[in-house]
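Please go through the structure shown below with a few questions about burial, helix packing and the nonpolar core.

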Amino acid sequence: MTGKDLSAVAGRTLVGLILLASGVHKLFAAPEEFAAVIEKYFILQSEGAIMAAARLMPLAEILLGLAMTLCFKVRAAAAGTASLFGVFLLAIASTKLRGIPLEEATGKLKTVDKGLYEIAKLFFG
């Protein structure tokens, strides 16, 4: 295994562990807590859609995290992970562009998600 290969595996593992930690945390918390965070982005309008996202997103994070960590279907897992991060960044950008304070939308985020938020804040201010 070359240094480049080792770096790729280390990067995938790190991203996978972040997704796993975030997903497991949300999965074992009340879905209403995460739904309250999703609602503050003012993107999804119906309560049903918000609750569905609050229940499905942690499962997606866990599955993608496992795939990335275990190097299973790496290209598909990487595409899914990039899509998930893209949705998160678009939600933050949309919130920022509409003049909603990011702290209001992300106020209830836990430690792992706060890290992703801080990274996004570097791009969107």
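Q: Is Lys96 buried, exposed or partly exposed?
A: In this predicted model, Lys96 has its place in helix H4. Its relative accessible area is 39%, and since buried means under 20% and exposed over 50%, the value falls in between. Lys96 is therefore partly exposed.

Q: How far apart in space are Lys96 and Tyr41, C-alpha to C-alpha?
A: Lys96 belongs to helix H4, and along the sequence it is separated from Tyr41 by 55 residues. In space, C-alpha to C-alpha, the separation of Lys96 and Tyr41 is 9.5 Å.

Q: Which residues does Ala91 contact, leaving aside its neighbours within four places in sequence?
A: Ala91 is one of the residues that make up the largest nonpolar core, and Tyr41 is another of its members. With neighbours within four places in sequence left aside, and with contact taken as heavy atoms within 4.5 Å, Ala91 is in contact with Tyr41 and Ile43.

Q: Which helices each supply at least two residues of the largest nonpolar core?
A: The largest nonpolar core has 11 residues in all, including Phe34, Ala35, Ile38, Ile50, Met51, Ala53, Ala54, Ala91 and Ile92. The helices that each supply at least two residues of this core are H2, H3 and H4.

Q: What is the orientation of H2 relative to H3?
A: Helix H2, residues 31-39, packs with helix H3, residues 47-69, at an angle of about 115 degrees, and their axes are 8 Å apart. Because angles from 65 to 115 degrees count as roughly perpendicular, H2 is placed with respect to H3 as roughly perpendicular.

Q: How do the residues of the contact of H2 with H3 divide into nonpolar, polar and charged?
A: H2 passes H3 in a right-handed crossing. On the H2 side the contact is made by Pro31, Glu32, Phe34, Ala35, Ile38 and Glu39, while H3 brings Ile50, Met51, Ala53, Ala54, Arg55, Met57 and Pro58. By class, these residues divide into 10 nonpolar, no polar and three charged.

Q: What is the orientation of H1 relative to H4?
A: The axes of helix H1, residues 3-28, and helix H4, residues 74-97, come within 12 Å and cross at roughly 55 degrees. Because 65 to 115 degrees counts as roughly perpendicular and under 35 as roughly parallel, H1 is classed with respect to H4 as oblique.

Q: Which residues in H4 are met by Arg12, Val15 and Leu19 in H1?
A: H1 passes H4 in a left-handed crossing. From the H1 side, Arg12, Val15 and Leu19 meet the H4 residues Val74, Thr81, Leu84 and Phe85.

Methods:
Residues are numbered from 1 along each chain as its sequence is written. This is a predicted model: local features need pLDDT of at least 70, side-chain atom pairs count only at pLDDT 80 or more; totals for chains, interfaces and linings use all residues. Side-chain values use heavy atoms; hydrogens and water are left out. Axes are lines fitted to C-alpha atoms, for helices over the stretch in contact, and angles run from 0 to 180 degrees between N-to-C directions. Helices (H or I, at least four residues) and strands (E, at least two) are DSSP runs, numbered from the N terminus. Angles under 35 degrees count as roughly parallel, over 145 as roughly antiparallel, 65 to 115 as roughly perpendicular and the rest as oblique. A crossing is left-handed if the near helix is turned anticlockwise from the far one by less than a right angle, and right-handed if clockwise. Ala, Val, Leu, Ile, Met, Phe, Trp, Tyr, Cys and Pro count as nonpolar, Asp, Glu, Lys and Arg as charged, and the others, Gly among them, as polar. A nonpolar core is a set of buried Ala, Val, Leu, Ile, Met, Phe, Trp, Tyr and Cys residues joined through side-chain atoms within 4.5 Å. Buried means under 20% relative accessible area, exposed over 50%, partly exposed in between (1.4 Å probe, protein chains only).
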